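Walk through this structure step by step. Begin with a single residue, then move outward to the sheet and the whole chain.

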Amino acid sequence: MNKKDEIYDLLVSRMVGAQYNFGQRLSVKDLVSDTGASRQPIMAALNRLSSEGFVRIIPQVGCEVINPSYDQIADFYIMFERLEGLLTELAAARRTDSQTRDLRALQARILTIDFDEPRSAVIYCELNRAFHQLIHDMAQSPFLDARQNSNFDMSDFFINQAGGFNHFMADTAREHDEIIEAIASKSPARARGLAESHIGVRRQGQWHRFEVVI
């Protein structure tokens, strides 16, 4: 991995982990001091984050984390759930039996999480991403997968800005079962509807928290 990608991954992890807040100014000078990297890879990483919507680069002023409105977040989640629905629809049409078994095994691990344990949100987030990634792999659409992976980072960023996964992760984990059955039975339309509803629950469960944050 080159330095540019390393810095990008570091900054994304900080965004997703809510180490940066909405509207926070990011100083290139401070990032150089903090990371030990030169200005060039830091600027390259910030430009990539800008293209993906995480930050705004203001000429002659600097760089700051986005500060989205309520409506902008709402629009993002509509896009997010519809793209996940499309990927899940394709997964139901194209999956293999082996992939379905892997998805069931991963769900079994998710359902063993003790949601009262302090690290449960971290564990859930990792396994949930793996669950959705396997669905994306089933869809056999690398272009859509790349777009949605960036959307997952943005969604996790929004959720952690608004208080984290703790408030809804147990309920959404159980919703995976119906999605698996729709994929296993090769029911694309049903799989799509369930996936969109699944993301919609995540969105609606955070709405009042977004209103507090924004």
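Does Leu31 count as buried or exposed, and why? The model is a predicted one, and the answer rests on computed accessibility. Leu31 has a relative accessibility of 5%. Buried means under 20%. Leu31 therefore counts as buried.

Now place the residue. Leu31 belongs to helix 2, which covers residues 28-35. Set aside residues up to four places away in sequence, and Leu31 touches Leu11, Arg14, Tyr20, Gly36, Ile42 and Leu46. Leu194 makes a useful reference point elsewhere in the chain. Leu31 and Leu194 are 163 residues apart along the chain. Their C-alpha atoms are separated by 42 Å.

Next, the sheet. Strands of a sheet pair through backbone hydrogen bonds, and the pairing can be parallel or antiparallel. Here the sheet is open and holds three strands. Their order is 1-3-2, and the pairing is antiparallel. Strand 1 (25-26) and strand 2 (55-58) stand at the edges. Each has a single partner strand, so one side of each is left without a neighbour in the sheet. Look closer at one pair. Strand 2 and strand 3, the latter formed by residues 62-65, are joined over four bridges in the antiparallel sense. In this region Ile58 stands opposite Gly62, a residue of strand 3.

Step back to the full fold. The protein contains nine helices and three strands. Along the sequence they follow the pattern α-β-α-α-β-β-α-α-α-α-α-α. Consider contacts between residues at least 6 apart in sequence. Of these, 75% join residues at least 24 apart.

What about overall dimensions? The C-alpha trace spans about 55 × 35 × 30 Å along its principal axes. For 214 residues, a compact globule would have a radius of gyration near 17 Å. The protein has 18 Å, which agrees with that estimate.

Burial and surface complete the picture. Of the 214 residues, 47% count as buried, and Leu31 is buried too. The accessible surface comes to about 10,500 Å². Carbon and sulfur atoms account for 49% of that surface.

Finally, the charges. The protein carries 24 positive and 29 negative charges. The mean positions of the two sets are 4 Å apart.

How values were computed: Residues are numbered from 1 along each chain as its sequence is written. This is a predicted model: local features need pLDDT of at least 70, side-chain atom pairs count only at pLDDT 80 or more; totals for chains, interfaces and linings use all residues. Side-chain values use heavy atoms; hydrogens and water are left out. Helices (H or I, at least four residues) and strands (E, at least two) are DSSP runs, numbered from the N terminus. Buried means under 20% relative accessible area, exposed over 50%, partly exposed in between (1.4 Å probe, protein chains only). Contact means heavy atoms within 4.5 Å. Two strands pair if DSSP finds at least two bridges between them. The radius of gyration is taken over C-alpha atoms; the globule rule is 2.2 Å times the number of residues to the power 0.38. Accessible areas come from the Shrake-Rupley method with a 1.4 Å probe; for residues, only the protein chains shown count as cover. Lys and Arg count as positive and Asp and Glu as negative; His and the chain ends are not counted. The place of a charge is taken as NZ of Lys, CZ of Arg, CG of Asp or CD of Glu.
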